[in-house]
Amino acid sequence: MPVDPQCKAFLDILAGVGGKPIEALPPEEARQVSGGMINFAGPEPPVARVENRSIPGPSQPIPIRVYWPSRDDGLPALVFFHGGGFVLCDLDSHDRLCRSLANESGCVVVSVGYRLAPEHKFPAAPEDAYAATCYVAAHASEFGIDSGRIAVGGDSAGGNLATVVALMSRDRQGPSLRFQLLIYPVTDFYDESPSMHDYGRDHFLTRDAMNWFLKQYFSSAADARLPYASPMNADVRGLPPAMIITAECDPVRDQGEAYADKLRRAGVSVELKRYDGMVHPFFSLGGIVDAARTATKDAASAIEQALARAAPAGSGR
């Protein structure tokens, strides 16, 4: 089907602004341009409590922002990694999305400000993401969360980091994660699928931009093929259940859906949901795209179910 009218209106707004494409800008200028995206996310939903913190990282402190949906203790948690091609975006760009996920899922959401490229090449981002997840699990009581009910999630580059953290946790005997929320995740940096060709131009995320992100993030082509970079190349057995969200008119649609198939073949429970007519950033466009709000509710419901308390032994449930 064609691009959804609300997404088309969004693309028309961007086209009307003009300016150079992301891949033609130095990273600092690209970050300034991408910062305006928060205006499409809608009003700022109130939550019970928000707090900025700094936690230890592999080489420098990692900023995090914590969202509590209520004053209750022992809540489940979602450790969230923002998108932006490992180069753009920050805690502010995904603030309203994290607020919505906290409110809708009943989870404490911990948004992680991992190091960005090109100043910090791979594997800085996944190492920060993993370190933050380990810290949250080890200090669960400080956050008022249940250490046995932790999920990871993210959009685009953040979806990549979420499943890579799940891989790292398995490989390094790290936190026992219950769920992964992967929103149009990047899983293969050398993707030549039909969607990459069909939607690689004029649909927000372009093939040229993907190549630009690759060059910013990696020091070598070999690095981009490593399992912690392109998880399509990983052994995914033993990973936690996942929900994978894809957008129909998105160049990374096919690789996200191929990753869902890979997980299933490895015995991992997966819910895959494609949203028709949507373009790559739709999940962050809750202020102007109805399907974004629907997808947020769908994702929150999946998280809530996955992190529900286990029935007591002998309860018969």
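**Reading buried residues, a core and two pockets**

Colleague: Ser34 lies in helix H2. Is Ser34 buried or exposed?

Modeller: Keep in mind that this is a predicted model. To settle such a question, compare the relative accessible area with a cut-off: buried means under 20%. Ser34 has a value of 9%, so Ser34 counts as buried.

Colleague: What does Ser34 touch, not counting residues up to four places away in sequence?

Modeller: Leaving out those sequence neighbours, Ser34 touches Leu88 and Cys89. There is also a polar approach to the backbone: a polar atom of the Ser34 side chain lies 3.0 Å from the backbone oxygen of Arg31.

Colleague: Ser169 is another serine to try. In which helix does Ser169 lie, and is Ser169 buried or exposed?

Modeller: Ser169 belongs to helix H6. The reading goes by the cut-off of 20%. With a relative accessible area of 5%, Ser169 is therefore buried. Its contacts, not counting residues up to four places away in sequence, are Tyr130, Gly174, Pro175 and Leu177.

Colleague: Where is the place of Tyr184?

Modeller: Tyr184 sits in the loop between strand S6 (179-183) and helix H7 (194-198). A loop position does not settle burial, and the area has to be read again. For Tyr184 the relative accessible area is 2%, so this residue is buried.

Colleague: Which residues is Tyr184 in contact with, leaving aside its neighbours within four places in sequence?

Modeller: They come from several parts of the chain: Asp155 and Ser156, then Ile245, Ala247, Asp250 and Val252, and lastly His280, Pro281, Phe282, Phe283 and Ser284. Two of these residues also offer backbone atoms to the polar part of the Tyr184 side chain. The backbone oxygen of Pro281 is 3.4 Å from a polar atom there, and the backbone nitrogen of Phe283 is 3.2 Å from one.

Colleague: How many residues apart in sequence are Tyr184 and Gly83, and how many Å apart in space?

Modeller: Sequence separation and spatial distance are read separately. Tyr184 and Gly83 are 101 residues apart in sequence, and their C-alpha atoms are 9.7 Å apart.

Colleague: Which members of the largest nonpolar core touch the most other members?

Modeller: For a core, read the total and then the best-connected members. This core holds 107 residues, and Phe81, Tyr217, Ile245, Leu263 and Phe282 touch the most other members. Helix H6 (residues 157-171) supplies the largest share, 8 residues. As an example, Tyr217 is in contact with Phe86, Ala117, Lys121, Phe122, Ala125, Pro126, Leu161 and Phe189, leaving aside its neighbours within four places in sequence.

Colleague: How many residues line the largest pocket, and which lie nearest its centre?

Modeller: A pocket is read by its volume, its lining and the classes of the lining residues. The largest pocket has about 1,300 Å³ of space. Its lining has 49 residues, with Leu14, Ile22, Met37, Phe204 and Leu205 nearest the centre. Helix H1 (5-17), helix H2 (27-34) and helix H8 (207-217) are the elements that each give two or more residues, and H1 gives the largest share, 7 residues. By class, the lining has 25 nonpolar, 15 polar and 9 charged residues.

Colleague: What volume does the second largest pocket have, and how many residues line it?

Modeller: Its volume is about 270 Å³. The second largest pocket is lined by 17 residues, and Ala41, Ser100, Gly286, Arg293 and Thr296 lie nearest its centre. Helix H3 (95-105) and helix H11 (290-306) are the elements that give two or more residues to this lining. The classes are 7 nonpolar, 6 polar and 4 charged.

Conventions
Residues numbered from 1 in each chain as written. Predicted model: local features only at pLDDT ≥ 70, side-chain atom pairs only at ≥ 80, totals over all residues. Heavy atoms only, no water. 1 Å grid on protein atoms, 1.4 Å probe; cavity = no way out; pocket = protein on both sides within 12 Å on 5 of 7 lines; lining within 4 Å. Points joined across faces, edges and corners; volume = space filled by probe spheres on them. Helix = DSSP H or I, 4+ residues; strand = E, 2+ residues; numbered from the N terminus. Nonpolar A, V, L, I, M, F, W, Y, C, P; charged D, E, K, R; others polar. Core = buried A, V, L, I, M, F, W, Y, C linked by side-chain atoms within 4.5 Å. Buried < 20%, exposed > 50% of the residue type's maximum accessible area, 1.4 Å probe, protein only. Contact = heavy atoms within 4.5 Å. Polar contact = N/O pair within 3.5 Å; in protein donor to acceptor, adjacent residues only side chain to side chain.
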